[in-house]
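I opened this notebook to record a set of look-ups on one structure. The entries follow the order in which I made them.

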Amino acid sequence: MTMWKEKLKTYDTLVSKCSRFERKGKTVPYTSANGYMFSLLNKDGELGIRFSKEDQEKFIKEHQTTLFKSHGATMRGYALIPERMLEDLNTLALYLNKSYDYVMSLDPK
């Protein structure tokens, strides 16, 4: 299995822990709700999760990570999920659910 397929399997397992939404996309896996994407697995197998500005800044500082990039572009509102966090999908599911709650609080697109 390629590294990207392993990351996709991990991403699918993560999303399956969250009953309020499901993964979308075939070549670019993502989650979305209320007209907004809120997580994304890029072509390099990196996971980004969208947060409010305050939560994004806090997450980046606490987890010593950076903004998330996909296809060479910095994704506004997204934080790069550190590789080590993929080992604790239960905790990561809490962040993904928080991201879902955030996009659901926005005006629908």
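The entries below concern cores, a cavity, one helix face and several single residues.

**Entry 1. The main core**

I note at the outset that the model is predicted. I looked up the largest nonpolar core and found 25 residues in it. Those with the most contacts inside this core are L14, L47, I81, L92 and L96. I then asked which elements supply at least two residues each. They are helix 1 (3-16), strand 2 (36-41), strand 3 (47-50), helix 2 (53-62) and helix 3 (89-105). Helix 3 gives the most, with six residues. In general, nonpolar side chains tend to be buried together in soluble globular proteins.

**Entry 2. L47 and the second core**

I listed the contacts of L47, leaving aside its neighbours within four places in sequence. The list consists of Y11, L14, L40, L41, F68, A79, L80, I81, L86 and L92. Apart from the largest core lies another core, of five residues. Its members include L40, M75, Y78 and L80.

**Entry 3. The cavity**

How many cavities of 30 Å³ or more does a search of the whole structure find? The search returns one. I recorded about 50 Å³ of space in the largest cavity. Its lining is formed by K7, T10, Y11, L14, L41, G45, L47, L86 and L89. By class, I count six nonpolar, two polar and one charged residue in this lining. Helix 1 gives the most to the lining, with four residues. I also note that L14 and L47, listed among the residues with the most contacts inside the largest core, are both found in the cavity lining.

**Entry 4. Helix 2**

I looked up the buried residues of helix 2 and obtained Q56, F59 and I60. Seen down the helix axis, these residues fall within an arc of 95°, so they line one face of helix 2. The face turned away from this buried side carries the exposed residues E54 and K61. What covers the buried residues includes strand 4 (67-70), strand 5 and helix 3. Just after helix 2, I found that Q64 takes a positive phi of about 45°.

**Entry 5. M85**

I located M85 in the loop between strand 5 (73-80) and helix 3. Is M85 buried or exposed? Its relative accessible area is 9%, so M85 is buried, the cut-off being under 20%. Not counting residues up to four places away in sequence, M85 touches F59, H63, L92 and Y95. Of these, F59 is one of the buried residues of helix 2. I also checked M85 against V28: the two are 57 residues apart in sequence and 21 Å apart in space, C-alpha to C-alpha.

**Entry 6. S99**

I found S99 in helix 3. With a relative accessible area of 0%, S99 is buried. S99 touches F38, I49 and R50, again not counting residues up to four places away in sequence.

**Entry 7. Positive phi values**

Most residues other than glycine have a negative phi. I therefore looked up exceptions to this tendency. N34, in the loop between strand 1 (30-33) and strand 2, has a positive phi near 60°. H71 lies in the loop between strand 4 and strand 5 and has a positive phi of about 55° although it is not a glycine. Its relative accessible area of 55% is over 50%, so I entered H71 as exposed.

How values were computed
Residues are numbered from 1 along each chain as its sequence is written. This is a predicted model: local features need pLDDT of at least 70, side-chain atom pairs count only at pLDDT 80 or more; totals for chains, interfaces and linings use all residues. Side-chain values use heavy atoms; hydrogens and water are left out. A nonpolar core is a set of buried Ala, Val, Leu, Ile, Met, Phe, Trp, Tyr and Cys residues joined through side-chain atoms within 4.5 Å. Buried means under 20% relative accessible area, exposed over 50%, partly exposed in between (1.4 Å probe, protein chains only). Contact means heavy atoms within 4.5 Å. On a 1 Å grid over the protein atoms alone, a cavity is a set of points where a 1.4 Å probe fits but cannot get out, and a pocket is an open set with protein on both sides within 12 Å along at least five of seven lines; lining residues have an atom within 4 Å of a point. Grid points are joined across faces, edges and corners, and a volume is the space filled by probe spheres set on the points. Ala, Val, Leu, Ile, Met, Phe, Trp, Tyr, Cys and Pro count as nonpolar, Asp, Glu, Lys and Arg as charged, and the others, Gly among them, as polar. The arc is that of the directions from the helix axis to the C-beta atoms.
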